[in-house]
Amino acid sequence: MNKVSRYGVLQATDAEDVYDVLAEEIRLRGYTALDSGLSDSQLDEFSRLFDEAEASYSELAASKNFDLQSMKESDAIRLLPVISSKFWDLVFNEPLHQLLTRLLGQYYILNQVNGLINRGDKREYHQAQYHRDLPYQHFTSSRPLAINALFAVDDFTIENGATRVIPASHHREAFPSDEVVRRLETHVTVKRGTFVVLDCMLYHAGSTNYTTRDRRAINHVFTIPMLRQQFHMPSILGPSPEFSEEQKKILGYGLEEVRSLDQWFLSRMPKIR
Ligand SMILES: O=C(O)CCC(=O)C(=O)O
């Protein structure tokens, strides 16, 4: 392909493959779209399992006398793969892993994974307010610290409440003025089976679903290992021999805080082979 013409440019970024390109897009404008590579029949299965998981989750909450509605929790299925284990396949999706490695390096962990339901008929949706996924934070950083991979279970369209973003807003500390938000906000419309991948510091929001059908998605927030998980997954999952060592690392195993000086000294002892 011909080189893009330029002058006065002494430094330029190289991109070796598609993941470098997507990672660069995220660094520059805060978001991109990544194809999960799943087939139509696999997507149909995820769609069916999502609805089943929603039903099991609300039964589970009711059986424990928790009213999701009154807690404003009825649009989310927290820890979706714990409710329906097939969803671990999305957490460990290979193209996503490739992209995350470019952005966060070899060591990143899963902070949260939640099914999200943007209900039809213009019903209120908690995620439809602008926010960052590291809320209440106003710093900027030279590298991403946290990435949200929002999986589209259904197509995201303007009518059914596609995610809105303010491009490049992860580079600014303050939320932009309302007029600038109105000028810059962009709907990210994608086909089902796509991950909308966002720098968690990008201001973004869902939007009103004007159709009669729910628009379903699954957020996957991955962070550098310094940040606390929304759920401490090793405690919830227990020994879980079904996961590989690499997968356990992503789930946050091995990061427990040191709870005594003795434990610290033991951790510093030379390893005997
Ligand atoms: O549902 C959406 O379109 C946005 C989801 C969202 O804001 C989030 O996962 O933080």
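Select Ala149 and His220: His220, in strand β9, is the bridge partner of Ala149. Strands here are DSSP runs of E with at least two residues, helices are runs of H or I with at least four, and both are numbered from the N terminus. The model is a predicted one, in which local features need pLDDT of at least 70 and side-chain atom pairs count only at pLDDT 80 or more, while totals for chains, interfaces and linings use all residues. Residue numbers start from 1 along each chain, as its sequence is written.

**Strand β4 and its two partners**

Now select β4, residues 146-152. Seven bridges join β4 to β9, and the two run antiparallel. Two strands count as paired if DSSP finds at least two bridges between them. On β7, Val197 is the bridge partner of Ala149, and β4 and β7 are joined by five bridges, again antiparallel.

Is β4 mostly covered or mostly open? It is mostly covered, with seven of its seven residues buried. Buried means that 20 or more other C-beta atoms lie within 10 Å of the residue's own; 12 or fewer means exposed, anything in between partly exposed, and the C-beta atoms are placed from the backbone. In a regular strand the side chains alternate between the two faces of the sheet. In β4, Ala146, Asn148, Leu150 and Ala152 lie on one side and Ile147, Ala149 and Phe151 on the other, all of them buried.

**The whole sheet**

Widen the selection to six strands: the open sheet has the order β1-β7-β4-β9-β3-β2, with antiparallel pairing. Its edge strands are β1 (31-35) and β2 (76-78), each of which pairs on one side only. From one strand to the next the twist averages 25°. Such angles run from 0 to 180 degrees between N-to-C directions, with axes as lines fitted to C-alpha atoms, for helices over the stretch in contact.

Go to the β1 end, where five bridges join β1 to β7 in the antiparallel sense. One pair to display is Ala33 with its bridge partner in β7, Val196. Helix α1 (residues 18-29) packs on the sheet here, touching β1 and β7, and its direction makes about 155° with that of β1.

**Phe195 and the core**

Stay on β7 (residues 194-199) and select Phe195. Why does Phe195 count as buried? Because it has 27 C-beta neighbours inside 10 Å. Leaving out residues up to four places away in sequence, Phe195 touches Leu34, Ser36, Leu96, Ala149, Leu150 and Phe151; contact means C-beta atoms, placed from the backbone, within 7 Å. Leu96 is 99 residues away along the chain, yet its C-alpha atom and that of Phe195 are separated by 8.1 Å.

The largest nonpolar core has 54 residues, of which Ile147, Phe151, Val196, Val197, Leu198, Ile218 and Phe222 touch the most other members. A nonpolar core is a set of buried Ala, Val, Leu, Ile, Met, Phe, Trp, Tyr and Cys residues joined through C-beta atoms within 7 Å.

**The smaller selection: three strands**

Next, pick the open sheet of three strands, ordered β6-β5-β8 with antiparallel pairing. Its edge strands, β6 (186-188) and β8, each pair on one side only. Strand β5 (residues 163-165) pairs with β8 over two bridges; in β8, His204 is the bridge partner of Val165.

**Around the ligand**

Finally, select the ligand and the residues around it, among them Asn118, Asp133, Asn148, Thr163, His204 and Asn219. A residue is near a molecule if its C-beta atom, placed from the backbone, lies within 6 Å of it. Strands β3 (109-118), β4, β8 (204-205) and β9 (215-223) give two or more residues each to this shell.

Key. Contact = placed C-beta atoms within 7 Å.
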